[in-house]
Amino acid sequence: MYASLVCTGIMSGFIVAFAIAIMPGLNQTGSLSAVHSMNAINHAIGGSPLFFILFWGTGLLHIVWLVIVLKNLKIPFAWLVICAAGIYLCGVLFVTLRLNVPLNKEMAVLDLTISRNDLLAGDILERWIFWNQMRAVSSLMSVLLLAIYLRAIYFLNHGIK
């Protein structure tokens with residue numbers, strides 16, 4: 001469970017960094033420039049084995065804990081694990097795969113040499129930012145629920161009320 005919390009925290013930090021610093025900074029450079037930079041970032045992320053391991057590993061950890069808890073609903077505070085996993089799997093993994101990645105692909109094929117594509121680039125970025133903000137909120141909620149779960153189990157195991 002600690003590994004789930006740590007990995008979820010790392011992924012959350014990564015996603016939140018995009019929400020509060022990277023995307024606002026890129027948006028100040030103009031839409032076409034921001035898309036150009038996003039394409040470079042996406043290329044770097046896509047080629048990173050560490051990111052691959054963290055992204056898929058965190059999802060796998062949530063699935064494993066979800067299965068464990070669903071097989072034994074008598075585990076104290078099981079609902080916290082179920083909610084944390086559900087929020088992460090739906091709000092981070094699903095949103096990434098079904099919404100952000102397709103928008104990354106739209107950015108990758110956009111001809112940045114044509115100035116009239118500035119509006120299209122802006123629209124793609126706006127949608128990407130919205131869904132990234134949903135991922136940020138979801139990942140933070142998942143971290144919070146896992147931390148509350150671990151604290152509650154600690155209290156329970158040590159007779160603290």
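I take a residue as buried under 20% relative accessible area, exposed over 50%, and partly exposed in between. The model I am reading is predicted.

**Entry 1. A44**

I looked up A44 and placed it in helix 2. Its relative accessibility is 49%, so A44 counts as partly exposed. I then took the separation to L26, which is 18 residues away along the chain: the two C-alpha atoms are 16 Å apart.

**Entry 2. Overall architecture**

I counted the secondary structure elements and found 5 helices and 0 strands. Along the sequence I read the pattern as α-α-α-α-α. For the extent, I noted that the C-alpha trace spans about 65 × 25 × 25 Å along its principal axes. The protein has 161 residues, and I recorded 39% of them as buried. I also looked at contacts between residues at least 6 apart in sequence; of these, 78% join residues at least 24 apart.

**Entry 3. Helix 1 against helix 3**

I recall that two packed helices are described by the angle between their axes and the distance between the axes. For helix 1 (residues 2-27) and helix 3 (residues 49-71), I noted axes that come within 9 Å and cross at roughly 135°. That angle makes helix 1 oblique to helix 3. I recorded the crossing of these two helices as left-handed.

Which residues of helix 1 and helix 3 meet? From helix 1 I listed A3, S4, C7, T8, I10, M11 and F14. Their counterparts in helix 3 are F51, L54, F55, T58, L61, H62 and W65. Sorted by class, this contact of helix 1 with helix 3 has 10 nonpolar and 4 polar residues, with no charged ones.

**Entry 4. Helix 2 against helix 5**

I repeated the procedure for helix 2 and helix 5, whose axes come within 8 Å and cross at roughly 55°. Helix 2 and helix 5 are therefore oblique to each other. I noted that helix 2 passes helix 5 in a left-handed crossing.

On the helix 2 side, I found the contact to be made by S31, L32, A34, V35 and M38. On the helix 5 side, the residues are D118, A121, G122, L125 and W128. By class, I divided the contact of helix 2 with helix 5 into 7 nonpolar, 2 polar and 1 charged.

**Entry 5. G30, in the loop between helix 1 and helix 2**

I located G30 in the loop between helix 1 and helix 2. G30 counts as partly exposed because its relative accessibility is 28%. G122 is 92 residues from G30 along the chain, yet I found their C-alpha atoms separated by 8.3 Å. I had already listed G122 on the helix 5 side of the contact with helix 2.

**Entry 6. Nonpolar cores**

In soluble globular proteins, nonpolar side chains tend to be buried together. I asked which members of the largest nonpolar core touch the most other members. Of its 15 residues, I recorded M23, V35, M38, M107, L125 and W128 in that role. Helix 1, helix 2 (31-46), helix 4 (78-109) and helix 5 (118-157) each supply at least two residues of this core. I noted the largest share, 5 residues, as coming from helix 5.

I then listed the contacts of W128, leaving aside neighbours within four places in sequence. W128 is in contact with F18, M23, M38, N100, L103, N104, M107 and R135. Apart from the largest core I found another, of 13 residues, including L66, A85, L93 and A136.

**Entry 7. T96**

Is T96 buried or exposed? I found T96 in helix 4. With a relative accessible area of 8%, T96 is buried. Not counting residues up to four places away in sequence, I recorded that T96 touches F55, V101, P102 and R135. R135 also appears in my list of contacts for W128.

**Entry 8. F77**

Most residues other than glycine have a negative phi. I therefore asked what the phi of F77 is, and noted a positive value of about 60° although F77 is not a glycine. I placed F77 in the loop between helix 3 and helix 4. Its relative accessible area is 33%, so F77 is partly exposed.

Notes
Residues are numbered from 1 along each chain as its sequence is written. This is a predicted model: local features need pLDDT of at least 70, side-chain atom pairs count only at pLDDT 80 or more; totals for chains, interfaces and linings use all residues. Side-chain values use heavy atoms; hydrogens and water are left out. Axes are lines fitted to C-alpha atoms, for helices over the stretch in contact, and angles run from 0 to 180 degrees between N-to-C directions. Helices (H or I, at least four residues) and strands (E, at least two) are DSSP runs, numbered from the N terminus. Angles under 35 degrees count as roughly parallel, over 145 as roughly antiparallel, 65 to 115 as roughly perpendicular and the rest as oblique. A crossing is left-handed if the near helix is turned anticlockwise from the far one by less than a right angle, and right-handed if clockwise. Contact means heavy atoms within 4.5 Å. Ala, Val, Leu, Ile, Met, Phe, Trp, Tyr, Cys and Pro count as nonpolar, Asp, Glu, Lys and Arg as charged, and the others, Gly among them, as polar. A nonpolar core is a set of buried Ala, Val, Leu, Ile, Met, Phe, Trp, Tyr and Cys residues joined through side-chain atoms within 4.5 Å. Buried means under 20% relative accessible area, exposed over 50%, partly exposed in between (1.4 Å probe, protein chains only).
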